[in-house]
Amino acid sequence: GRSATIELLVIHTCSGAWSGCWGWLTTPYPTNPNKTSAHYVVKEDGALVYALVDETDTAHHVGKPWMGLPTNSRSVGIEHAGFSYQGTNKWTEGQIATSAKLSCDVVKRNRIVRDRDHIIGHYQPDPVNRADDPGTDFPWADYMNRISRCVGGSTAIIVDSNQANNDASGKIDTPSSNWTSSTNVAGYYGSGYYVAPTGSVSDAVYFNFYLSEAATREVFAWWTAASDRCTATPFVIFDSSGTKLGTVNKNQQDNGSQWVSLGRYNFTVGWNQVAVSRWATAGSAVVADAIKVE
């Protein structure tokens with residue numbers, strides 16, 4: 001049974017091979033002294049998923065509370081076999097693809113909010129003891145993008161500031177040394193963002209996305225808001241031929257940690273582009289975190 005409504009999805013790495021992973025999670029007390037269990041386990045190559053605990057029942061997979069409330073009673077837990085946390089067996093495409101489809105199903109049926117406060121890693125409630133479970137090296141941006149596409153039936157493309165989080169439809173150009181990679185302000189998309197001082201200089205971060213056919217798409221941007229941010233950060237939109245389609249200035253002191261629309265544009269076949277520019281009154285900072293096109 002459960003004492004709360006399901007509102008969280010928790011992602012784990014098992015730190016063990018497939019048979020040992022599900023074997024331990026089905027080992028009863030007192031051999032398993034913490035009564036550790038999880039709802040699902042995904043094999044290393046994604047070829048199999050075992051369901052171990054019914055979603056109508058509580059599994060014991062997180063020992064710490066999240067956002068001031070018990071975690072287990074309001075969550076579904078998905079374990080992943082393998083040793084990805086050690087860096088010896090990185091996340092495979094098969095495992096991520098299968099896991100994202102499973103998560104999509106869990107999220108849709110339980111109406112879980114699709115953000116990183118509701119789809120979390122075990123390390124978030126317990127950063128001291130579970131720093132690598134699955135940790136920030138898990139491809140969070142790509143994973144969340146896959147879930148969102150599946151849930152919404154969307155063809156959205158999300159391009160993150162960390163290229164490791166992007167799929168084949170998006171890429172970011174490495175910015176100049178004036179841009180610093182940061183995680184100082186919470187609420188960023190993916191695994192961090194770039195920040196740079198404003199000034200009268202043409203020095204942008206370029207987010208690129210590929211379209212297989214010409215189309216009208218709405219563009220969104222994500223940033224972390226803070227009091228030192230620029231109130232008129234320039235976002236410059238280009239089609240694949242390099243034609244500028246528009247410039248939009250956004251106040252990055254407000255509306256942080258959410259998708260903010262930059263408008264709708266007619267894009268062409270190929271690699272289109274959104275640039276986050278530093279060209280603004282000196283004395284503040286601009287953030288290049290992520291863009292979404294849908």
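Me: I'd like to start with one strand. Which residues point one way from E12, and which point the other way?

Reply: Happy to start there, and do keep in mind that this is a predicted model. The general idea is that side chains in a regular strand alternate between the two faces of the sheet. In E12, Thr233, Phe235 and Ile237 point one way, while Pro234, Val236 and Phe238 point the other way.

Me: Are those E12 residues buried or exposed?

Reply: Both sets are buried. "Buried" here means under 20% relative accessible area. Strand E12 covers residues 233-238, and six of its six residues are buried, so the strand is largely enclosed by the rest of the structure.

Me: Next, the neighbours. Which strands does E12 pair with, and in what sense?

Reply: To read pairing, look for the bridges between two strands. E12 and strand E13 (residues 244-250) pair in the antiparallel sense over six bridges. E12 also runs antiparallel to strand E15 (residues 270-276), and four bridges join these two.

Me: Can we follow one residue across? What stands opposite valine 236 in E13, and what is its bridge partner in E15?

Reply: Valine 236 is a handy one to click on. In E13, threonine 247 stands opposite valine 236, and in E15 the bridge partner of valine 236 is alanine 275.

Me: What about the turn? How many residues lie between the strands in the hairpin of E12 and E13?

Reply: There are five residues between the strands of that hairpin. Backbone angles are worth a look here too: glycine 242 takes a positive phi near 90°.

Me: Let me pick a residue in strand E15. Is glutamine 273 buried or exposed?

Reply: Compare its relative accessibility with the cut-off. Glutamine 273, which lies in strand E15, has 18% relative accessibility and therefore counts as buried.

Me: Which residues does glutamine 273 touch, leaving out those up to four places away in sequence?

Reply: From E12 it touches Val236, Ile237 and Phe238. The other residues touched by glutamine 273 are Asp173, Tyr206, Phe207, Asn208 and Phe209. Sequence distance and spatial distance can be read side by side: glutamine 273 and lysine 244 are 29 residues apart in sequence and 9.3 Å apart in space, C-alpha to C-alpha.

Me: Now the pockets. What volume does the largest pocket have, and which residues lie nearest its centre?

Reply: For a pocket, read its volume first and then its lining. The largest pocket has a volume of about 710 Å³. Its lining has 28 residues, and Asp115, Arg116, Tyr188, Tyr189 and Trp222 lie nearest the centre. Helix H3 (residues 140-152) gives the most to this lining, with seven residues. By class, the lining of the largest pocket has 11 nonpolar, 10 polar and seven charged residues.

Me: And which residues lie nearest the centre of the second largest pocket?

Reply: Those are Thr36, Glu79, His122, Arg130 and Asp133, out of 24 lining residues. The second largest pocket has a volume of about 400 Å³. Helix H1 (residues 18-25) supplies the largest share of its lining, four residues. The lining of the second largest pocket divides into seven nonpolar, 13 polar and four charged residues.

Me: Zooming out, how many helices and strands does the protein have?

Reply: The protein has three helices and 17 strands. Its radius of gyration is 21 Å, close to the 19 Å that the globule rule gives for 294 residues, so the protein is as compact as a globular protein of that length. Buried residues make up 49% of the 294.

Conventions: Residues are numbered from 1 along each chain as its sequence is written. This is a predicted model: local features need pLDDT of at least 70, side-chain atom pairs count only at pLDDT 80 or more; totals for chains, interfaces and linings use all residues. Side-chain values use heavy atoms; hydrogens and water are left out. On a 1 Å grid over the protein atoms alone, a cavity is a set of points where a 1.4 Å probe fits but cannot get out, and a pocket is an open set with protein on both sides within 12 Å along at least five of seven lines; lining residues have an atom within 4 Å of a point. Grid points are joined across faces, edges and corners, and a volume is the space filled by probe spheres set on the points. Ala, Val, Leu, Ile, Met, Phe, Trp, Tyr, Cys and Pro count as nonpolar, Asp, Glu, Lys and Arg as charged, and the others, Gly among them, as polar. Buried means under 20% relative accessible area, exposed over 50%, partly exposed in between (1.4 Å probe, protein chains only). Two strands pair if DSSP finds at least two bridges between them. The radius of gyration is taken over C-alpha atoms; the globule rule is 2.2 Å times the number of residues to the power 0.38. Contact means heavy atoms within 4.5 Å.
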